[in-house]
Every structure is written in structure tokens, then in C-alpha cells.
Amino acid sequence: MDQSHELELSKEEMKSYGYRVIDTIVEHFVTQNEKSPVAMASRKEMDAIFQEPIPEFPSDPKEVLDFVTKNVLPNSNIVSHPKSYSFVPGPSNYVSVMADTLATGFNIFSGGWAASPAAAELEIVSMNWLLKLFKFPSKKGGGIFTSGGSMANLTALVTARRQLCGDDFSKAIIYMSDQAHSSNVKAIRVIGFKKEQIRIIPTDGEFKMVINKLKNAISRDRLTDLQPFCIIANAGTTNTGTVDPLEQIAEICKNEKLWFHIDGAYGGAAMLSKKGSKALKGIEKADSLTIDPHKWLFQPYEMGCLLVRKSKWLRDTFVEKPEYLRDIEGNPSEINFYDHGIQLTRRFRALKFYMSMKTFGLEAFRKAVSYNIEIAEEVECLLRKSKQWEVVSSATLAIINFRYHPLHLDLSDEQLDTLNQEISKRVVESEESLLVTTVLNKQVVLRMCLINPRTTMVHIKETISSCENFAKQILEE
Ligand SMILES: *Cc1c(COP(=O)(O)O)cnc(C)c1O
């Protein structure tokens, strides 16, 4: 009888298929530094390879796998490449990749205690580790793993609104700096606030929220009968790594009875290093804190995290009981994470965090983060000694922004913008490095985010030297 409806491979087929997958991944890990970090392809090129009607009939499993290995994997940027400096790199680590494979292989449902006591327990244990690292209350505090920082920010804002606003939040106002990540505005809109309920506070020369302007905005809103409700502070902006004045903002939140959310999706992990934890002083005073383990805690996608001062806040916000879940209500200490966030069915994210921490030890993570911060400072020294380069924003939590600006040439800001844009374009098109621009103080600048522990000064010097060569070419044209 035809058993294809069971969607299975034989034991031998599964094994040889699986070994090939693992071999492909391991080969990628050991050769990725030599590959190009950039993959570019047009929609037309991709369509030519992939467009076809949904396949009605089976294909040979190995042929599908080979097709994917040949066409899918190389057509993606390698965000874990040591010369992938743009956006926020994803250095990842092999142990967590295998942990994800196990979690998916066993298809562990990580929503409720009854479905997997061990998955819930590992999320509780990981959360306790993180609460301690960020100096949050260890007994009352809590948190949840999410798909990423965007979902953590969204979860935080829903929680904040539930705690501080009644059903009518039409007058509630949220404050954040002009450097806040777009996911915050997105989250605010998703939960039904109007644009007029957001105050964008200007930043100073170092891209920190200006406290006086924040205070003025709050006073003005109170005077017009609006309800200041929440401040979102940056613990490491994505652009420059800047940390807002957290202690001062904490004080304002306390006096004004506002919710204090910190978006540490980029920089939170710097707590692992001495320098970073100094820069992040005050982070422990937040009501809610987003961190993003799939960035600077070296986890593969998707893994974000929200920490809160009181675990109870999450339960108050998200418990909703359908009748088919009533049989599995257990002891309240046995947490059902579907009660702490938006997702019911959840993948087992805690496993990769747990296994990589156990395997490498926190000390290795501390060294990696400290290395990243120091190498960015070394790059700053290098650039400051050069007659071609201008540092636009100092190395801060492993991010540095700079532009090509030769001393001997008298170029206007506009010419410098065009020049730096063109340098980035050529470097990326050469596929040697992924180095794109951002805009700071209306200037086009090159931005390096150096959170890959395998990036060395050799890689960086090669990239800088390619930039200089392209710059000379452009200036000669
Ligand atoms: C990356 C980032 C986010 C969004 O996180 P995702 O994991 O991409 O959803 C939010 N805030 C900051 C500061 C970030 O750097």
C-alpha cells in the first residue's frame, strides 16, 4: 500500500539526509570566513531559479536538498561573516544551532508547563540568570523569550498600558528620543495609539536624549490635560550605540509615575563587560527591559527577550482562558508561558540559550563582549591617526561611525556625502565587505557594528584599505 500520506522517510534515508545537512552546516562554519559576506540578486534572477507551480508529485529527497544547498544558501548575506559590519551582525554559535535542531526535531511545545515541564523550567532558569545579570529583582521579577526585540518591545508596551492606563488610553503619551528604534513606533501603532500620542525628544551632540527637553514635553502635556504614560530609553542605539541618561530618566519616571521601558535590544548585552555595565548604569531601574539574544548574545535567529520587574504584570496582562486549556491549570509556580505573552504555540527558544551558556560558560561570553567593545575603540584610534578619515561618532558599545574626509582636500558636506555613499556602494558591490552607511547630523557616514568575536584588526584594516582605494578611484574620475 502507498504510505506517502505519512510524510516519512525511511530510517536509513533520514540518517544519510541528516548527516548531509550537518556536514553542510559544519562546512559553512569552518569556511565562512573565506566566503563573501554579500549576496546580491534581483527578483528576476531569483524567479528564474525558483518559480514553479506547487509540486503535486514527489522528488528525490537528496535532489531537493542539493538544489537548496546550491541555490538557496549562497543567495543570502552571511551575517556571521567577520567582514559583515552593517545593521546588527548575527555571529551565532554552533552549539545553539544544534540546540535549535533538537528543539525542532522533537517539536517541543513551549507554551504550557504540562506540555513540557522541562522547556518551561529551562525558560524559568534562563530568565533567572538574566534577571541576575541585569540586577532585576530576582524573586518577583520575570520575563519571556520572544521572536526578537520588536516583539519584546511590543509585549512591554501592552504590559505597560495594562498596568497604567484604564480602558481609555486616548490621552496617554509616550516619550522616546529621535534615535529610538523604529520597532517602538511600530509597536505603538500596532496597539492602537495615534501618532499624536508619541513625543520624539531631540538628542544632544552625542545622540543622548536631552533631559531638559524631555521634562518640558512632559510638563506641557500635563498642562494640556494629557496623560504622560511611558518613557522608552535607549540602552545602546542601533545607529551609534549611545545609552540615554538612564539614571536621570529613572528619576523622572519615579517622580512622574511613568512606566520606564528600556530598549536594550542592541546594547543590553554589554552588561557582560566591565565597561559596558558602567555605561549601562541605571538599567536595573527599568520596569521593563528588552534584550535581544540573537544579536549580541550570539544566538541564532529568532530570539528576543523581555524582562520585567514583576512577573505578575505579565500574567495580569496576558492571561486569557479558553475552555480547552482548563484541564492543564497546575500549580502557579509551574509557569505557562502562554500566560506571559502573546504566543500560545511557541518554539523552545530557551534550549539554545541554556545549552550555549552551559557549554561555553558565561566567562567566554564576557570575554567576547569585552573584545568587541575594545576592538571598536582600537578602530577609532586607527582612524584618528589617519589623514583620510574623520570619526563622526566615537566607538560606543562596539559601534563606530566615520567618513572619508581627506585633510588636504577642501570638499563640501554635499561632496563628502556623495563620496562616502559611493565608497559604500563600491565596497558592497565588490562583495568583499558588508559596509553600508547611516545618516548622523544629516551627514552620510560609514557605520561599523563590531559584535562578531571572530572579526580581527586584520579584517578591519583590509576593509578600510579597500575603502581608501575606492575613494581614490572615485576622486580621480
Ligand atoms: C534590532 C533592534 C530592535 C528590533 O529587534 P528585532 O530582533 O530585529 O525584532 C529593537 N531595538 C533596537 C535598539 C534594536 O537594535
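Which domains does the domain assignment of the protein give? In this predicted model, the assignment comes out as domain 1, covering 100–360, and domain 2, covering 363–476. Taken over C-alpha atoms, the centres of domain 1 and domain 2 sit 31 Å apart. The contact draws on 28 residues from domain 1 and 24 residues from domain 2.

Now for the nonpolar cores. As a rule, in soluble globular proteins nonpolar side chains tend to be buried together. Here the largest nonpolar core has 62 residues, and Phe 134, Leu 214, Ile 231 and Trp 296 are those with the most contacts inside it. Helix 5 (residues 117–133) gives the most to this core, chipping in 6 residues. Both domain 1 and domain 2 supply residues to this core, so the core lies between them. Apart from it lies another core, this one of 32 residues, with Trp 113, Ala 120, Val 308 and Leu 314 among them.

Trp 296 is worth a closer look. Setting aside neighbours within four places in sequence, Trp 296 is in contact with Tyr 266, Gly 267, Ala 269 and Ala 270, and also with Val 369, Asn 372, Ile 373, Leu 397, Ala 398 and Ile 451. The last residue on that list, Ile 451, is found in the loop between strand 11 and helix 15. Loop or not, Ile 451 counts as buried, at 0% relative accessibility. With neighbours within four places again left out, the contacts of Ile 451 include Val 88, Pro 89 and Pro 91, along with Tyr 266, Lys 295, Trp 296 and Phe 298. Asn 372 and Ala 398 also touch Ile 451. As for Ile 232, 219 residues separate it from Ile 451 in sequence, and the C-alpha to C-alpha distance is 24 Å.

Next comes the sheet. Its 4 strands form an open sheet in the order 8-9-11-10, with antiparallel pairing. Strand 8 (389–396) and strand 10 (437–440) are the edge strands, each pairing on one side only. On average, neighbouring strands of this sheet are turned by 35 degrees against each other, direction ignored. Strand 10 and strand 11 (residues 443–449) run antiparallel and are joined by 4 bridges. Thr 437, for instance, has Leu 446 in strand 11 as its bridge partner. Helix 15 (residues 457–476) packs on the sheet and touches strand 8, strand 9 (399–404) and strand 11. The direction of helix 15 makes about 25 degrees with that of strand 9.

What about the cysteines? A disulfide is a covalent bond between the sulfur atoms of two cysteines. With a cut-off of 2.5 Å between sulfurs, the count comes to 0 disulfides. Why is Cys 305 without a bond? The closest cysteine sulfur, in Cys 230, is 18 Å from the sulfur of Cys 305, which is too far for a bond. Cys 305 also counts as buried, at 0% relative accessibility. Cys 467 is in no disulfide either, with the nearest cysteine sulfur, that of Cys 449, 16 Å away. Cys 467 is buried too, with a relative accessible area of 1%.

Finally, a residue at the surface: is Arg 220 buried or exposed? Arg 220 has a relative accessible area of 53% and so counts as exposed, since the cut-off is over 50%. Its place is in helix 8 (residues 211–223). Between Arg 220 and Val 243, 23 residues apart along the chain, the C-alpha atoms are separated by 25 Å.

How values were computed
Residues numbered from 1 in each chain as written. Predicted model: local features only at pLDDT ≥ 70, side-chain atom pairs only at ≥ 80, totals over all residues. Heavy atoms only, no water. Buried < 20%, exposed > 50% of the residue type's maximum accessible area, 1.4 Å probe, protein only. Pairing = 2+ DSSP bridges. Helix = DSSP H or I, 4+ residues; strand = E, 2+ residues; numbered from the N terminus. Axes fitted to C-alpha atoms, helices over the stretch in contact; angles between N-to-C directions. Contact = heavy atoms within 4.5 Å. Core = buried A, V, L, I, M, F, W, Y, C linked by side-chain atoms within 4.5 Å. Domains from an automatic or database assignment.
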